[in-house]
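User: I'm new to reading protein models. Could you take me through this one with a few questions and answers?

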Amino acid sequence: MSTPTPAPTAQPRSGFRIPKVPFWAQILAGLVLGVLLGWAARTGDVAWLKDTLDQIGTIFVQLLKLAVAPLVFFAILVSITNLRNVNNAARLATRTLLWFFATSLIAVAIGLAIGLLTNPGAGTDLSPKDGAAPEDSGSWIDFLTGIIPTDVITPFTELNVLQIVFMAAALGVAALKLGEKAQPIIAFSETILELLQKALWWVIRLAPLGTVGLIGFAIADYGWNLISKYATFTADVYIGCALVLFGVYPLLLATVAKVSPLQFFRGAWPAIQLAFVSRSSVGTMPVTKKVTERLGVPKEYTSFAVPFGATTKMDGCAAIYPALAAIFIAEIFDVSLGLQDYILIAFVSVIGSAATAGLTGATIMTTLTLSTLGLPLEGVGLLLAIDPILDMVRTATNVAGQAVIPVLVASQEKILDRDMYEYATSFDLDDPDPVDSQQPAQSPAVTVPA
């Protein structure tokens with residue numbers, strides 16, 4: 001009997017392999033390319049290039065908004081039902097809300113201080129005639145009456161996030177009261193939420209391309225001359241957000257949670273960078289939830305705190321920015337603000353932050369602040385031109401805060417897994433389900449000490 005001939009061993013393929021480009025490098029390349037294309041479109045008066053950049057950015061934002069309504073609804077519903085797995089859930093929720101209020105007050109105080117020191121509206125050559133009243137405005141009557149929907153369809157078709165949150169919260173509480181009878185609905189909602197998050201990852205992969213369009217069109221449409229008029233105001237917003245992002249949050253992490261701030265930024269960086277590009281807290285929510293869990297916050301609590309924060313926790317859009325915007329517009333319209341006005345700004349920032357609802361931009365929150373102070377709403381039109389550039393750092397600050405607060409509360413409640421926190425690493429957003437083999441497993445049960 002002949003001996004069988006051994007199968008030939010596979011030879012390694014030779015040749016050039018394209019290296020994988022990290023997501024942060026893709027984002028950076030998108031920023032640079034967007035600036036260059038925007039500059040070329042404006043200086044060369046290339047209309048088709050400007051329109052193309054506009055379409056690319058618009059499609060990216062539309063894809064994010066497409067997921068907002070169902071994502072918010074099911075995220076809030078599931079987050080509330082997940083509280084059934086947490087003892088003393090009411091105390092956990094209350095402490096979370098109090099930290100939201102406290103950090104908003106700190107952020108608005110920083111915004112007011114910077115505005116009073118720098119006078120951002122002085123020397124801009126802007127005048128009241130340069131502004132126009134926005135199509136959509138906010139008032140306290142609209143805010144309070146607009147929470148409750150008139151039907152169940154309109155909030156989804158008109159993307160009224162506050163009303164969607166209200167319906168989801170009501171159903172979530174009802175499901176908790178029903179107990180086991182509601183389990184099929186809860187399981188269905190959890191499955192839909194996972195499907196939405198998986199689909200959103202595909203949109204996230206397009207973020208570098210969306211960056212090219214958004215930044216390129218901003219440069220092509222507005223130009224450096226217009227941006228220079230808002231130089232002080234733009235610098236104030238970026239400085240204010242940087243003070244909160246790299247000053248207040250690290251201080252709270254070090255003193256309250258007693259954890260390393262550098263380790264926090266190492267773990268939370270994927271969410272912060274995506275927020276900067278996408279300009280959407282809700283669009284970033286799945287990534288924010290993932291980084292918060294990897295920082296050692298129990299999944300059951302994270303599933304409540306992050307969706308709740310994505311619709312209400314807005315230190316950038318609802319605290320720093322409205323404070324600076326109010327001072328800027330008051331100076332343009334030659335209106336003097338007194339101590340009572342600054343107190344009103346702080347009040348609006350803390351109570352009305354849900355008006356921003358995690359969407360791109362903070363126009364509604366700004367009009368709510370201006371209407372409370374009696375300032376002309378035409379002032380909002382002065383800020384719309386520069387808004388996309390400001391919204392990037394505002395949203396990054398929002399999202400960082402939405403991850404910081406769960407870490408603070410989990411540490412105070414002694415449910416923070418400090419080993420996971422110390423092992424948390426950044427991950428590439430190209431990977432929809434990053435796993436760190438060195439990271440210890442997180443326990444499935446959560447018990448909040450009484």
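Analyst: Sure! One definition to start: a residue is called buried if its relative accessible area is under 20%, and exposed if that area is over 50%. Keep in mind that this is a predicted model.

User: Is Asp391 buried or exposed?
Analyst: Asp391 sits in helix H17, which covers residues 387-412. Its relative accessible area is 0%. The cut-off for the label is under 20%, so Asp391 is buried.

User: Which residue does the side chain of Asp391 make a polar contact with?
Analyst: A polar contact needs N or O atoms within 3.5 Å. The side chain of Asp391 has a partner at 2.7 Å, and that partner is the side chain of Arg394.

User: Over the face of which residue does Arg394 lie?
Analyst: Arg394 is 4.1 Å from the centre of a ring. That ring belongs to a residue in a cluster with Tyr230, Phe233 and Phe328, linked by ring pairs. The residue under Arg394 is Tyr321.

User: How many aromatic pairs does the structure hold, and what is the angle between the planes of Phe233 and Phe328?
Analyst: The structure holds nine aromatic pairs. In one of them, Phe233 and Phe328 are 4.8 Å apart, centre to centre, and the pair is tilted. It links helix H9 to helix H13, with the two residues 95 apart in the chain. The angle between their planes is 40°.

User: Why is the pair of Phe304 and Phe308 stacked?
Analyst: Both residues lie in helix H12, four residues apart, about one turn of the helix. Their ring centres are 5.4 Å apart. Planes under 30 degrees apart count as stacked, so this pair gets the label because its planes are at 25°.

Note on methods
Residues numbered from 1 in each chain as written. Predicted model: local features only at pLDDT ≥ 70, side-chain atom pairs only at ≥ 80, totals over all residues. Heavy atoms only, no water. Buried < 20%, exposed > 50% of the residue type's maximum accessible area, 1.4 Å probe, protein only. Polar contact = N/O pair within 3.5 Å; in protein donor to acceptor, adjacent residues only side chain to side chain. Phe/Tyr/Trp six-rings, centres within 6.5 Å; stacked < 30°, edge-to-face > 60°. Lys NZ or Arg CZ within 6 Å of the ring centre and 35° of its normal.
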